[in-house]
Each structure stands twice: as structure tokens, then as C-alpha cells.
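The following exercises concern helix packing and the surroundings of a single side chain. Please work through each task before reading its solution.

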Amino acid sequence: MVLFSSLISAGFGILFGVLLVVTQKGGILECPPGFQTLDKVINVFRSIPFIILVALLIKTTRNLVGTSIGVTGAVFPLVVATVPFFSRQIHAALCEIDPGVVEAARSMGQSPAQIILRVYLREGLPGMIRGATITVVNLIALTAMAGTVGAGGLGDYAIRYGYQRVMTDVTIVTILIILAMVTLIQTLGTLLERRLSH
């Protein structure tokens, strides 16, 4: 669930994050109506609690992938919940880039596509890695929550065996596994961010 949801969310998150940056006021493709629309849509989806979002998307998920339960049925709601969050992370990372670098690229006659690829995505890479790390950690928490509604995974295991069968040791082991995953991802993300920052 984490792998597939992360990969799909990364693609859409980067796309929407870049669109937010280039269409905002002073952006290289300034378009206030487009920015306001995308900004509001992202805010709406970010404000919906994940459990409610899963329930709202049951019919859509079933129509798209043929089922609304298990790992297959969990990926779509996870992506819908994660993309707005990651888009904001990308937007924040790209806004940290020195505007002078963007202006220099524009004065050299580079096209918007070249500025996006050579300036925004290259210069903003450390911040994007930081945002991706935060997003994957958040996604692990969401997958555990998705397990409580029949999506499988560690959350389902903890509820089915740890809670329903009152096996406290199973709950503790599940928590330790999730903690280890989060620590590993956070450590790798931090190391990669530091490496790219130099």
C-alpha cells in the first residue's frame, strides 16, 4: 500500500505543486483563476478526515478497481488523501527557491518548461525530498488506519489480533514495526536531503 500509493502520489503531487508555483502571483505562468481553483480544491480534500474520505470514495473505488476492500481497494483513497498533502509540500519547497535564480533563467530566454526542469525541480530537490519524507511517514499512518476498514496491512493485523482477540503483544509488535519503518524512512530522507544540499 505504501509503495504504490507513494509512487502514484509523487507524480500527481509534483505536478500540482509545480502548477501552484507557476500560476501564483508573480509566477512564470501567472494565472490567478487557475491558482485559486487548484488552491481551493487542494484545501477541500486536505480538510476531509481519512476515514470519512474512504467512506465517500467506496463507490468510486469499486468502479475504478473493482473492489473497495483489501490493498487494491485502499490505494485509490490513499492517493486521494496524500496528493493534496504532498502538493502543499512541493509548493512550499519550490517557493523557497531564490526568485533571482528564476529571473536570471527568464532573462536568458529559457522557456517555462526549461525553467521548471532546470531551476524549480533541480534547485528545489532538497526541499522536495524533505516533503516526500514527511509525506511517506504520514502515508504509513494512513495505511495503518486503512487497515481498520478492511484494507489489510499492519493496521488490520493490530485490530484483528491485537484488539479483537486481546493479544496485547501483537499490538506492541505492530507498533514497533511501524516505528522501525518510520525511523528508517526518516533517516534515509534526512541523509538524502543533506547529500543533495551540498
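Three exercises on this predicted model follow, each with a worked solution.

**Exercise 1.** Classify the relative orientation of helices α4 and α5, and describe their contact.

Solution. Two packed helices are described by the angle between their axes and the distance between the axes. The axes of α4 (residues 58-65) and α5 (residues 70-95) come within 9 Å and cross at roughly 120 degrees. Angles from 65 to 115 degrees count as roughly perpendicular and those over 145 as roughly antiparallel, so α4 is oblique to α5. The crossing is right-handed. On the α4 side, the contact comprises T60, T61, L64 and V65, which meet T72, G73, F76 and P77 of α5. By class, these residues are four nonpolar, four polar and no charged.

**Exercise 2.** Determine whether H91 is buried or exposed, and identify its contacts.

Solution. H91 lies in helix α5. Its relative accessible area is 12%; the cut-off for buried is under 20%, and therefore H91 is buried. Excluding neighbours within four places in sequence, H91 contacts G17, L20, V21, Q24 and F35. With Q24, the side chain of H91 forms a polar contact of 3.0 Å.

**Exercise 3.** Classify the orientation of α6 relative to α7, and give the composition of their contact.

Solution. Helix α6 (residues 99-107) packs against helix α7 (residues 112-123) at about 150 degrees, with the axes 10 Å apart. The two helices are therefore roughly antiparallel. Here α6 passes α7 in a right-handed crossing. V101, V102, A105 and R106 of α6 meet I115, V119 and Y120 of α7. The contact contains six nonpolar, no polar and one charged residues.

Conventions
Residues are numbered from 1 along each chain as its sequence is written. This is a predicted model: local features need pLDDT of at least 70, side-chain atom pairs count only at pLDDT 80 or more; totals for chains, interfaces and linings use all residues. Side-chain values use heavy atoms; hydrogens and water are left out. Axes are lines fitted to C-alpha atoms, for helices over the stretch in contact, and angles run from 0 to 180 degrees between N-to-C directions. Helices (H or I, at least four residues) and strands (E, at least two) are DSSP runs, numbered from the N terminus. Angles under 35 degrees count as roughly parallel, over 145 as roughly antiparallel, 65 to 115 as roughly perpendicular and the rest as oblique. A crossing is left-handed if the near helix is turned anticlockwise from the far one by less than a right angle, and right-handed if clockwise. Contact means heavy atoms within 4.5 Å. Ala, Val, Leu, Ile, Met, Phe, Trp, Tyr, Cys and Pro count as nonpolar, Asp, Glu, Lys and Arg as charged, and the others, Gly among them, as polar. Buried means under 20% relative accessible area, exposed over 50%, partly exposed in between (1.4 Å probe, protein chains only). A polar contact is a pair of N or O atoms within 3.5 Å; within protein, one must be able to donate a hydrogen and the other to accept it, and residues adjacent in sequence count only if both atoms are side-chain atoms.
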